[in-house]
Amino acid sequence: MIPDWPEERRQMLEKQLRRRGIHDARVLEAMGRIPREEFIPFESRVLAYADDPVPIGFGQTISQPYMTALMAELLELTGTESVLEVGAGCGYAAAVLGKLAARVMAVEIVPGLARTAEANLKRTGTGANVEVRTGDGSVGCAEWAPYDAISVAAAAPEIPLKLLGELRDPGRLVIPVGARSDQELRVVTKRNGRIDYRVATMCRFVPLRGGEGWH
Ligand code: SAH
């Protein structure tokens, strides 16, 4: 059966995701279902399905759709996991992760964005298993720790130790690490007490602020 998702969303799935190697059917389904335009401020809404990050206010952006998809795919979620998202922004990635895992804790440092994320998740009916907290997620979120998976949507100078500490064994973390201008997207795995990482791609994210970010 071919889902009757809006044309621009189907185009996004095909041209931006599938053709670039996103093959996890659950990720594609989640991004096909979620109305991305609802997470974007009215004045930027014409860009809701653009192949770029789009401004969401407070000097922040919603990630490029491909990045959201890639990070979700790299976490290899099956539906049973507790996930921490650092940098909720407008709440879109949290909504996607919510469709792929059992529950999501989404932390956002800008209070106005945290409120917006909460409202967007609620209005779109995607927030039932997503909690939004205002705070510095670079130091984790003890409330539900440890997490089976952690997704960091802002670039850190190094992998924050507190986040490694809140990652379950076994567990998986994706994070952009590097300079402010450009980073590598690392997939960090914890297994049998051992931590390894590999680089998935080069990328460019807004800086992670706070205790274990940029001061
Ligand atoms: N997940 C969003 C991307 C938002 S961009 C999406 O769906 O596209 C990254 C976000 O990280 C910004 O909103 C920024 O305010 C936030 N951020 C930066 N440092 C942070 C920190 N230490 N803790 C929590 N959020 C942080």
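**Figure 1. Which elements build the lining of the largest pocket?** In this predicted model, at least two lining residues of the largest pocket come from each of β2, α3 (65–74), β3, α4, β4 and β9 (194–203). Helix α3 makes the largest contribution to that lining, with 4 residues. Altogether, 40 residues line the largest pocket. If you want to find the middle of the pocket, look for T61, G87, A153, A154 and V206, which lie nearest its centre.

**Figure 2. What fills the largest pocket, and what sort of residues line it?** Here the view turns to the space itself, which comes to about 600 Å³ in the largest pocket. The ligand takes up this space. Sorted by class, the lining of the largest pocket has 24 nonpolar residues, 11 polar ones and 5 charged ones.

**Figure 3. A shell of 25 residues surrounds the ligand.** Coming nearest to the ligand are S63, E108, D136, G137 and R209. The shell splits into 13 nonpolar, 8 polar and 4 charged residues. Strand β2 gives the most to this shell, namely 3 residues.

**Figure 4. Backbone atoms of A93, G137 and R209 pair up with atoms of the ligand.** Start at A93, where a backbone N or O atom sits 2.9 Å from an oxygen atom of the ligand. Next comes G137, with a polar backbone atom 2.8 Å from a nitrogen atom of the ligand. Then there's R209, which has a backbone N or O atom 2.7 Å from a nitrogen atom of the ligand. How much of the ligand does the protein bury? On its own the ligand would expose 580 Å², and the protein buries 99% of that. As for the elements around the ligand, two or more shell residues come from each of β2 (60–62), β3 (82–86), α4 (92–100) and β4 (103–108).

**Figure 5. The second largest pocket holds about 200 Å³ of space.** Its lining is made up of L75, E76, L77, E81, D148, A149, P170, G171, R172, T189, K190 and R191. Three strands, β6 (147–152), β7 (167–178) and β8 (183–191), each put at least two residues into the lining of the second largest pocket. Which classes do these lining residues fall into? For the second largest pocket, the tally is 6 charged, 4 nonpolar and 2 polar residues.

Definitions and conventions. Residues are numbered from 1 along each chain as its sequence is written. This is a predicted model: local features need pLDDT of at least 70, side-chain atom pairs count only at pLDDT 80 or more; totals for chains, interfaces and linings use all residues. Side-chain values use heavy atoms; hydrogens and water are left out. A residue is near a molecule or strand if one of its heavy atoms lies within 4 Å of it. A polar contact is a pair of N or O atoms within 3.5 Å; within protein, one must be able to donate a hydrogen and the other to accept it, and residues adjacent in sequence count only if both atoms are side-chain atoms. Accessible areas come from the Shrake-Rupley method with a 1.4 Å probe; for residues, only the protein chains shown count as cover. On a 1 Å grid over the protein atoms alone, a cavity is a set of points where a 1.4 Å probe fits but cannot get out, and a pocket is an open set with protein on both sides within 12 Å along at least five of seven lines; lining residues have an atom within 4 Å of a point. A molecule sits in a cavity or pocket if more than half of its atoms lie within 2 Å of its grid points. Ala, Val, Leu, Ile, Met, Phe, Trp, Tyr, Cys and Pro count as nonpolar, Asp, Glu, Lys and Arg as charged, and the others, Gly among them, as polar. Grid points are joined across faces, edges and corners, and a volume is the space filled by probe spheres set on the points.
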